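Q: I'm new to this one. Can you walk me through it?
A: Sure, have a look and then ask away.

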Amino acid sequence: MTVTPEQARKLAFSATNITKRYGGTLALDHIRLDAEAGMIHALVGENGAGKSTFLGVLAGRVVPTEGEIEIFSKPHVFGSPREAHRLGIGAIYQELTIVPRLNAVANVFLGQPHAKRGLLSEKRMRAEFREVCARFGVDIAPDAVAGTLSTADQQMLEIMRGARSGAELLLFDEPTTSLAPPEREGLFQVMNQLRDQGTTMVFVSHNLEEVLDIADTITVFRDGQLAATGPRADWTKASIVRAMVGQDIVEYRRVERAKAAPGSPPLIVARGVTLPGACEDVSFELKAGEILGIGGLVGSGRSSLLRSLAGVESMSHGELIVDGRGVEWPTRPRHAMRHGIAFVPEDRKHQGLVLGMRAMDNIVMSNIGEVSRYGVISERKIVEKSTSIAREFGFSADRIGTMVRHLSGGNQQKVLLGKARFCAPRVLLVDEPTRGIDIGAKDEIMSTLRSLADAGMGIIVVSSDLEEVIQISDRILVMAHGRVVDELDQSGGPVQVTDILNSAFGVERHAS
Ligand SMILES: Nc1ncnc2c1ncn2[C@@H]1O[C@H](COP(=O)(O)OP(=O)(O)OP(=O)(O)O)[C@@H](O)[C@H]1O
Ligand SMILES: [Mg+2]
């Protein structure tokens, strides 16, 4: 092809000197970035590097302190999502914006002008909803109340809303965090189709493999600055990491396990765990020092199982034996806490954190006694103890006094882990431990979980990142349709992702 650079470079956006200051925090520092139209641009960087803030500026959500942006050669009007929409921008945010009480169809067509003017009949919307579902390869009932769907399904609805909005510039802020491999595939297929139709996309992800897979250009942010940008061909995983953190890092490897003493009694035994419509008659044991992984596809009942055990699902029932003694099935979180069971939920915004409180207060909240003396809460102890716990999960001490609302998504996740850890549980249930966590902190979190287990804690991990489940777990239960369909032991050698998927899909494995 011999096109002149002018012909080739139709720009979707051109940002000059974009700076955003929050009090003393420089979230974006003179960012200059051009994005060619009709391509997928990946944006990567550590937690707090400024990725979401930059997308927020593009989407008209955040008003920059300084700088200008042209969108398809027209000046951007900052701070007006409506204006941004008019310029052809659609956004899928990091924190979901699903309306829980509306059904699936209504959520996908939410806020879209032709639906509002009544030009799109209920029947047409349903038909189109089914089409979009088929395109993504997902199966969501049109009438399902959005709030009752799994986080992954909610994320899919959000993506579907963005993808069918007809936007010319689509912004995806960590769209894949809750998705299992098949749903990711569905998303990537649709992204490729959209690109072929000329749509420009900006895609934020901490999963560097998928970034290298799908992106045409890759831009790295570091501490609010643009560290590097270039076409996909110029990058390797190692060079991205170097640009992100300024040095090479060693990735977490499976470490030799301190084996749970053979014959030692299980910490907990759960039998016949049932949550109507979500999980059915699940039984398992967990020993001290053991990490049990739960593998499966979205909607397989993984999160429901964890939530039931954590006492979050009041309709669940089952049998629970703690230290060899039968106890009442927990139907309130504090019942579970009483048995030493702590829970890190998947949805940190609604289930886990008080956004208007500082990071340190959130961490110590579950165990105030630890930071009090003679019944008086000591600020010094709060700072000291929360800082040391937060560090275990890669949370920087500088941010310990920041209000959680003002932390980036990944940093909120670290606070959530610290909070569960602070009450010194005997059993830790973690749903998506590294959701939104950057590659450096991910390793720290994995090894912290490992050392907690080595010190005698029993841990159950649910993650849609099956590689992660394999890396961290001693044993893996595979769930499908609310039931346990397989148990894979890793003592004889590592399980493969395909083993989990095969069990989940019910593919017969030939006994050898
Ligand atoms: N409303 C706000 N008030 C104060 N500080 C903020 C606010 N929003 C973001 N920040 C700060 O701006 C910086 C950049 O945050 P941003 O959310 O853009 O990071 P990110 O790259 O998206 O990180 P992550 O990977 O964790 O999502 C962080 O230091 C964050 O704490
Ligand atoms: Mg972010």
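**Strand 6 and its surroundings**

Q: Which residues of strand 6 are buried, and on which sides?
A: Strand 6 is covered on both faces. I89 and A91 are buried on one side, and G90 and I92 are buried on the other. Keep in mind that this is a predicted model.

Q: What sheet does strand 6 belong to, and in what order do the strands run?
A: The sheet is open and has 6 strands, in the order 6-7-8-3-9-10. Its pairing is mixed.

Q: Which are the edge strands?
A: Strand 6 (89–92) and strand 10 (225–231). Each of them pairs on one side only.

Q: How much twist is there from one strand to the next?
A: The average is 15 degrees.

Q: How many bridges join strand 6 to strand 7?
A: There are 4 bridges, and the two strands run parallel. Strand 7 covers residues 169–173. I89 stands opposite L169 there. A91 stands opposite L171.

Q: Which strands does helix 7 lie across?
A: Helix 7 (residues 151–163) lies across strand 6 and strand 7. Its angle to strand 6 is about 175 degrees.

Q: And helix 8, what does that lie across?
A: Helix 8 (residues 181–196) lies across strand 3 (40–45), strand 7 and strand 8 (200–204). It runs at about 150 degrees to strand 8.

Q: Back to strand 10. How does strand 9 pair with it, parallel or antiparallel?
A: Antiparallel, over 6 bridges. Strand 9 is residues 217–222. V220 has A228 in strand 10 as its bridge partner.

Q: How many residues sit between the strands in that hairpin?
A: There are 2. D223 in this hairpin takes a positive phi, near 50 degrees.

Q: Why point out a positive phi?
A: Most residues other than glycine have a negative one.

Q: Which loop holds D323?
A: The loop between strand 14 (317–322) and strand 15 (325–327). D323 is not a glycine, and its phi is positive, near 50 degrees. D323 has 14 other C-beta atoms within 10 Å, so it counts as partly exposed.

Q: What about A424, where does that lie?
A: A424 is in the loop between helix 16 (409–422) and strand 19 (427–431). Its phi is positive too, near 45 degrees, in a residue other than glycine. A424 is partly exposed because it has 14 C-beta neighbours inside 10 Å.

Q: New topic. What is the order of the open sheet of 4 strands?
A: The order is 2-1-4-5, with antiparallel pairing. The edge strands are strand 2 (25–36) and strand 5 (74–75). Each pairs on one side only.

Q: How many bridges join strand 1 to strand 2?
A: There are 8, and the strands run antiparallel. Strand 1 is residues 11–22. The bridge partner of Y22 is T25 in strand 2.

Q: Let's zoom out. What does the domain assignment give?
A: Domain 1 is 9–245, domain 2 is 251–340 + 425–512, and domain 3 is 353–421.

Q: How many residues are in contact between domain 2 and domain 3?
A: 12 residues of domain 2 are in contact with 9 residues of domain 3. On the domain 2 side, helix 17 (residues 439–454) gives the largest share, 5 residues. By class, that side has 6 nonpolar, 3 polar and 3 charged residues. The C-alpha centres of the two domains are 26 Å apart.

Q: Now helix 19. Which of its residues are buried?
A: I500, S503 and A504. Helix 19 spans residues 497–505. The buried residues are on the same side of helix 19 because they cover an arc of only 100 degrees around the axis.

Q: What covers them?
A: The cover includes strand 13 (291–296), helix 18 (466–472), strand 21 (475–480) and strand 22 (483–489).

Q: And which exposed residues are on the face turned away?
A: T498 and F505. G506 follows helix 19, and its phi is positive, near 75 degrees.

Q: Last one: where is D486, and what does it touch?
A: D486 is in strand 22. Leaving out residues up to four places away in sequence, D486 touches V478 and S503. D486 counts as partly exposed because it has 18 C-beta neighbours inside 10 Å.

Key
Residues numbered from 1 in each chain as written. Chains lettered and ligands numbered in written order. Predicted model: local features only at pLDDT ≥ 70, side-chain atom pairs only at ≥ 80, totals over all residues. Buried ≥ 20, exposed ≤ 12 C-beta atoms within 10 Å, placed from the backbone. Arc of directions from axis to C-beta. Contact = placed C-beta atoms within 7 Å. Domains from an automatic or database assignment. Nonpolar A, V, L, I, M, F, W, Y, C, P; charged D, E, K, R; others polar. Pairing = 2+ DSSP bridges. Axes fitted to C-alpha atoms, helices over the stretch in contact; angles between N-to-C directions.
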